[in-house]
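Hi,

Here is the structure I promised to pass on. Have a look at it first, and my notes follow underneath.

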Amino acid sequence: MKEKNLNNINVYNQKMIIGNREVDSVNGEFISVTNPADGSVVGTVPNGCSTDVKKAVESSDSAFYVWKKVDSKDRAKRMINAATMVSEKKQEIAKMLTIEQGKPLSESLGEVSQVIEILNYYAEEAKRIGGYVIPYKARHMCSMAVKEPIGVTAIIGPWNYPLALLALKIGPALACGCTAVVKPSSLTPLAAVEMIKSILHGGDFPPGTLNVITGYGSEIGVELCKNPTIRKISFTGSTDVGKSLMREAADGLKTLSLELGGNSPLIVWADADLETAVKDAVKRSYRNMGQICNSVNRIYVHKDIYEEFIHMFIEKTRCLKIGNGLDGGIDLGPMASRKAVERVKRHIEDALKKGAEIRYGGKKPDGKVFEKGYFFEPTVLTDVNHNMLVMTEETFGPVAPIMSVSNVDEAIKLANDSRYGLVSYAYTKNIDLVYKFVAELEAGTVVINHVSATNLDAPYGGIKESGFGRECGPYALEEYLYTKHISLNCRRLEK
Ligand code: NAD
């Protein structure tokens, strides 16, 4: 349902979805969704509770026994139709995303395009899920390994890429024959619910194939982890919540995929193409206001080019235009929440107390248009060290701490000095150094001479406290399948 608020922006009152029906919570409660650019209320969703989760799980369980038997070509066709429907609703979904999350509209449109690409990709992959035959010593015996869908899955997503990160789970889950209860972030549920409505409408899936429960994770999470019908939890979010899910799910021995926090280093060596390294470093430090799991969190620059790098980095940072995500021509919107801004301020204060210098930014931008929103200037810090939170914890904000290093072993040691291991970036033209970085940087993904850490065809995921499991490519399918051994005595078959 749409209404207009005082700023003449549509207010979206979304419902939860159970068994293809739009429903409120049994408790009758709602939560408000606000626009981080001005604090205005732009929608509501039901405040789901454990009773709602139980109903959704029951519905997904019934759907599982239908959906898993749908043959893979039909599954693929429905997923392609679902992608087409998302495509038809692209503008509306993207606008909702910008008004609840803050990112520029062009980036929201890009995120919806990613969703369409992901659904189409996994529609194709659905047809390629196979197994293998294992040689037996006796000729009349036959062993086969086949892949079966794991079952009802709980899909829990964060607010920074609320659509693409859900789609990276929904796509392979549906392709494998799983059904799911989806829980979007309470900060950004509006576009996610709209996306799932489009998927369900377009794909004509059995009722319950995808159910959506909105509300607070702290309330809904326990039931999702404890409910014995749920066989798998697929989560993207913070390391702390990932750990708590693992503890809660231990009793039921549920399978988990955890895509968690990062603290990604970028090393720029003296021989690197400096212009490109600076341009890419600025982009990957500030895009989406630094609210990306693989944002560049800390930069190590060879001492011979350190001052020049800082000078060029600040000049490029100065060119970034901040504003309301719905206005054209902006590079950066507001941060997603007050809490996010507070963490950035806390990390900067901690760094300053320990001797860091702010070389650019460090505050809310001046101007009336920024007063009510969660805006913050992109910030450059120097004189940083590993006693500071900005170097050891995920700031998840537009802060670029830059440190000088003098030898390659020191740079690698500092890069690896983290409890996280999601992505590491490095720039050099020296092939020996490339091999050294690739071999010695501890991360799920090592990226050399560019900053695009994800490729839909290639595996993506972390090591250490960045989690486990892999998304993207055919690798993601394994997360939603189990291997069944079939042993057959052919002598006992009818001739
Ligand atoms: P978060 O952990 O606070 O929340 C993620 C989701 O979990 C939300 O839907 C939230 O409602 C839910 N949740 C919270 N408590 C819960 C509980 N007890 N039980 C069940 N669900 C619960 O994370 P966030 O702030 O939304 O997202 C930012 C974090 O996500 C960052 O740490 C970022 O690095 C990480 N992230 C990781 C990746 C990756 O691929 N590794 C991608 C994007 C974001």
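Which helices and strands each supply at least two residues of the shell around the ligand? They are α7 (217-226), β12 (230-236) and α8 (239-249), where helices (H or I, at least four residues) and strands (E, at least two) are DSSP runs numbered from the N terminus. α7 gives the largest share, three residues.

Before the rest, some housekeeping. This is a predicted model, so local features need pLDDT of at least 70 and side-chain atom pairs count only at pLDDT 80 or more, while totals for chains, interfaces and linings use all residues. Residues are numbered from 1 along each chain as its sequence is written, and side-chain values use heavy atoms, with hydrogens and water left out.

**The ligand**

The ligand is surrounded by 27 residues (a residue is near if one of its heavy atoms lies within 4 Å). The closest are Gly157, Trp159, Ser238, Leu260 and Glu394. By class, the shell has 13 nonpolar, 11 polar and three charged residues; here Ala, Val, Leu, Ile, Met, Phe, Trp, Tyr, Cys and Pro count as nonpolar, Asp, Glu, Lys and Arg as charged, and the others, Gly among them, as polar.

For polar contacts, I mean pairs of N or O atoms within 3.5 Å; within protein, one must be able to donate a hydrogen and the other to accept it, and residues adjacent in sequence count only if both atoms are side-chain atoms. A side-chain N or O atom of tryptophan 159 sits 2.8 Å from a ligand oxygen. Two glycines use their backbone: a polar atom of glycine 217 is 3.3 Å from a ligand nitrogen, and an N or O atom of glycine 237 is 3.3 Å from a ligand oxygen. On its own the ligand has 850 Å² of accessible area, and the protein covers 87% of that (Shrake-Rupley method, 1.4 Å probe; for residues, only the protein chains shown count as cover).

**The fold overall**

The protein has 14 helices and 24 strands. Its C-alpha trace spans about 80 × 65 × 40 Å along the principal axes. Of its 495 residues, 58% count as buried, meaning under 20% relative accessible area (1.4 Å probe, protein chains only). Contact means heavy atoms within 4.5 Å, and among contacts between residues at least 6 apart in sequence, 73% join residues at least 24 apart.

**Lysine 103**

This one is worth a click. Lysine 103 is in the loop between α3 (90-101) and α4 (105-126), yet it is buried, with a relative accessible area of 1%. Its side chain makes a 2.5 Å polar contact with the side chain of glutamate 111 and reaches the backbone oxygen of asparagine 160 at 2.9 Å. Lysine 103 and asparagine 160 are 57 residues apart along the chain, with their C-alpha atoms separated by 9.0 Å.

**Two helices**

In α13 (residues 408-416), the buried residues are Val408, Ala411, Ile412, Leu414, Ala415 and Asn416. Their cover includes β14 (264-268), β15 (296-302) and α14 (431-440). Asparagine 407 caps the N-terminal end of α13, with a side-chain oxygen 3.0 Å from the backbone nitrogen of aspartate 409.

Serine 198 lies in helix α6 (residues 190-203) and is buried, at a relative accessible area of 3%. Beyond its neighbours within four places in sequence, serine 198 is in contact with Ala82, Met85, Val86, Lys89 and Ile93.

Cheers

Notes
Buried < 20%, exposed > 50% of the residue type's maximum accessible area, 1.4 Å probe, protein only.
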